[in-house]
Amino acid sequence: MNQQLPLFRAAAPDDAQRVALLNAIERKLLWISAWMIHHANHIRPNRDGLKVGGHQASCASVISILTALYFDILKPADRIAIKPHAGPVFHAMNLLLGRQSAERLSTLRQFGGIQPYPSRMKDGGEVDFSTGSVGLGVALTSFGSLVQDYVRLKKLTPEGLPAGRHVAIVGDAELDEGNIYEALLEGWKHDIRNVWWVIDYNRQSLDSVVQDRLFGRIEGLFRDMGWNVVTLKYGRKLQAAFARPGGESLRRWIDDCPNSLYAALTFQGGAAWRAALLAELGREDGLRAIIDPLSDDELAALMNNLGGHDIETLMEAFRAQDAAGDQPTCFIAYTVKGMGLPFAGHKDNHAGLMTKEQMEVFRTAMRIRPGHEWDEFEGLDFSPEEMRGFIAGIPFAQKLTPQGRRLESPKIPIPALLPVPRVPVGRKLSTQAAFGEILAGIGRGEGEFAPMAQRIVTTSPDVTVSTNLGPWVNRRGIFDRHLKNDVFRDAKLASAQRWGMSPEGQHVELGIAEQNLFLVLAALGLSDRLYGARLLPIGTVYDPFVNRGLDALIYGCYMDARFLLVSTPSGITLAAEGGQHQSVNTPLIGMAQDRLAAYEPAFADELAILMRHAFAHMQEPEGSSVWLRLSTRGLSQPERPLDSAQVIAGGYWVTPPAPGARIAIAYQGPIAPDAMAAFEILRAEEPGAGLLAVTSPDRLHQGWLESRKRARRGPGGAASHIEALLAPLAPGAGIVTLLDGHPAALDWMGGVRGHRVAALGVDRFGQGGDIPALYAEYGLDEAAILDACAELLLG
Ligand SMILES: Cc1ncc(C[n+]2csc(CCOP(=O)(O)OP(=O)(O)O)c2C)c(N)n1
Ligand SMILES: [Mg+2]
């Protein structure tokens, strides 16, 4: 069984009152969280007959842990992720802290009300990290700590702002998520400090009771990653019992008790505990002396006196660790799921709700008068004034800044034009190469580029060099909390890459784990609001592997983290590298993802406009993150004036159609030369035909959706960009759309003005080959484009 904490020093006398007050808070949190869920399910009118839901058992499980943390240990600068299904406890704590209204608590899971799981965007300033997709919030605390170190070591944070600890309250089943271990490994590499993960070890997940043998493994994993592990298995009552004659056999029995039996006995209560103990240990005199004097309820309370439910045990463990230093620490706090509620320990209790009858019994036990259910200090032995006085004095109740815990950081000025690479005649340039050159140009940090150069931070999961971040990294260095020399450079061994690391470095190098990339981007992209230091984060990744980290990308967007994602190479245009490296679905993800504006430029001038837009847009309150899908295919670069507003809005006519034109070609990305070649042939027969460059199906489509919403509200709204672009075409004209990705990304264009669309694109897995072979096979070459034109023209 797990290692025990040494017996703690006895609580100081002045702590007795504190413990009593904390016990009162536990009582309130248990009541209010259960009542919030009960109210939402049984009292509020239900219009659709669907279950509202909520997790009373998951809440009950962490009451003591959260009480000890928030009302004794945590400080205002600490940043916290809470197990998602304990959301109601979080809101109840804020009620007691005077940061939440009772009225609002009654809106749990209601439209416009408190979200089922804590949400930064929808639940307001007290939520540091949203949670909901289990595992991600936990891992994010590690990367938050890394980012806090990054901005503090560079002295970018407001003067006097203290550093915080990063704390996750973790459900034990969350540890099944692989991203936890990816984050542990990456955290170890970066030597993260001041992170606590407190595991609510109730040995239950959603479906059932978890395996007994698992935890020895997990504890070892944490230790291997340099974490301190503190196990809180037994509370004070049990510890005292173990110290008595016969107590050792009681301890051994509990230690050996399978999780499922322990849970079942907990559910059955005192009489069942007695029967089980007597059957197994009844011949031991000492044991009889311990249990015989206890009533059934007292015996149940003793047997459930686990470390995670014992406020003194928790307080002392947290305080000891608080004083011990900054080593990342995992607390394994044994708990009972549903503790204090009628379904405590039952394996099916995850989504269980108390019945109305059970709630009335619970209400009586909690001394809550009808009509006073939301009163924050109802039914306690302390007066509301005593409770308020105590809470006002705890560290977490102090103000971090006059504005509270959500910080701000001024905007960073972005020059009107970014340095567009100058391409000698005859040289071709890909968007990926252009990206590297533009960033390296900014990285010189000269003149008006100095402020933005200082705030850009790049990160990449082991594809730094192959996504062309190399020149930037050579200029700005790699971030590490410690100075590490570049051994190759010191030995004068030739290499294009400088790989020295220091606290001044501005590139965060990651191992190949794309979820970590997106979690780091999420933390970097919240740095203004969490640490008071605005950054301009850029993450690079191969386009197909966006899918590998997708849930973490969505998670970052859900929190409105702001960053620039550059995914390259993309599509079958990658050619010979082939197969699994060729992305198909990413343009559709870009269209569907909220708070992420997705673009696919074809030429360097477009890219420079879009990168400039991205740096500004990610700083706008109504802006968003930006995604650029790039390519390794070199293209001859046009010399031309370009309307940046149109590039940003999603497209422009390379050759505008004549009024009433019967046909147009709309291309996206590096297929541009093939579209242009086909267009020249088409134009010989159809002189009025148009050639449309699409830089963003996402922005065009979004603009169209918004204009239609406006139109439904009433006449007079402005037409969207795509409506304006397509206006010159004849009614019923044909449009051939093409992109190196799924054709659905553009074929909606037919719906805008009732045109007929032939949508070309990729709808099968890619494969190795050269571009002529692949474009022919997937129907993207000149011949395929002309065939599609003919099909439309001939009707
Ligand atoms: C990524 C993801 N998968 C599945 C779920 C559904 N789900 C919600 S809670 C839960 C189990 C939680 O168990 P545990 O973390 O031990 O929390 P407890 O309720 O026991 O405290 C599951 C599977 C989810 N929220 N996120
Ligand atoms: Mg659990």
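**Exercise 1.** How many residues surround ligand 1, and which are the closest?

*Solution.* The structure is a predicted model. Step one is the count: ligand 1 is surrounded by 18 residues. Step two is to name the closest, which are Ser58, Lys83, Asp172, Gln204 and Lys337. Step three sorts the shell by class: six residues are charged, nine are polar and three are nonpolar.

**Exercise 2.** Identify polar contacts of ligand 1, then state how much of the ligand the protein buries.

*Solution.* The cut-off for a polar contact is a pair of N or O atoms within 3.5 Å. Consider the oxygen atoms of the ligand. An N or O atom in the side chain of Lys337 lies 2.8 Å from an oxygen atom of ligand 1, and a polar side-chain atom of His85 is 3.0 Å from an oxygen atom of ligand 1. Turning to nitrogen, a polar backbone atom of Val134 lies 3.2 Å from a nitrogen atom of ligand 1. Finally, ligand 1 taken alone exposes 590 Å², of which the protein buries 75%.

**Exercise 3.** Are the faces of strand 4 covered or uncovered, and in which sense does this strand pair with strand 5?

*Solution.* Begin with the strand as a whole: strand 4 spans residues 228-232, and five of its five residues are buried. Next, separate the faces. In a regular strand, side chains alternate between the two faces of the sheet. One side of strand 4 carries Asn228, Val230 and Leu232, the other Val229 and Thr231, and all are buried, leaving both faces covered. Last, examine the pairing. Strand 4 and strand 5 (residues 329-334) run in the parallel sense, paired over five bridges. Within this pairing, Phe331 of strand 5 stands opposite Val230.

Terms used: Residues numbered from 1 in each chain as written. Chains lettered and ligands numbered in written order. Predicted model: local features only at pLDDT ≥ 70, side-chain atom pairs only at ≥ 80, totals over all residues. Heavy atoms only, no water. Buried < 20%, exposed > 50% of the residue type's maximum accessible area, 1.4 Å probe, protein only. Helix = DSSP H or I, 4+ residues; strand = E, 2+ residues; numbered from the N terminus. Pairing = 2+ DSSP bridges. Near = heavy atom within 4 Å. Polar contact = N/O pair within 3.5 Å; in protein donor to acceptor, adjacent residues only side chain to side chain. Areas by Shrake-Rupley, 256 points an atom, 1.4 Å probe, with all protein chains shown as cover. Nonpolar A, V, L, I, M, F, W, Y, C, P; charged D, E, K, R; others polar.
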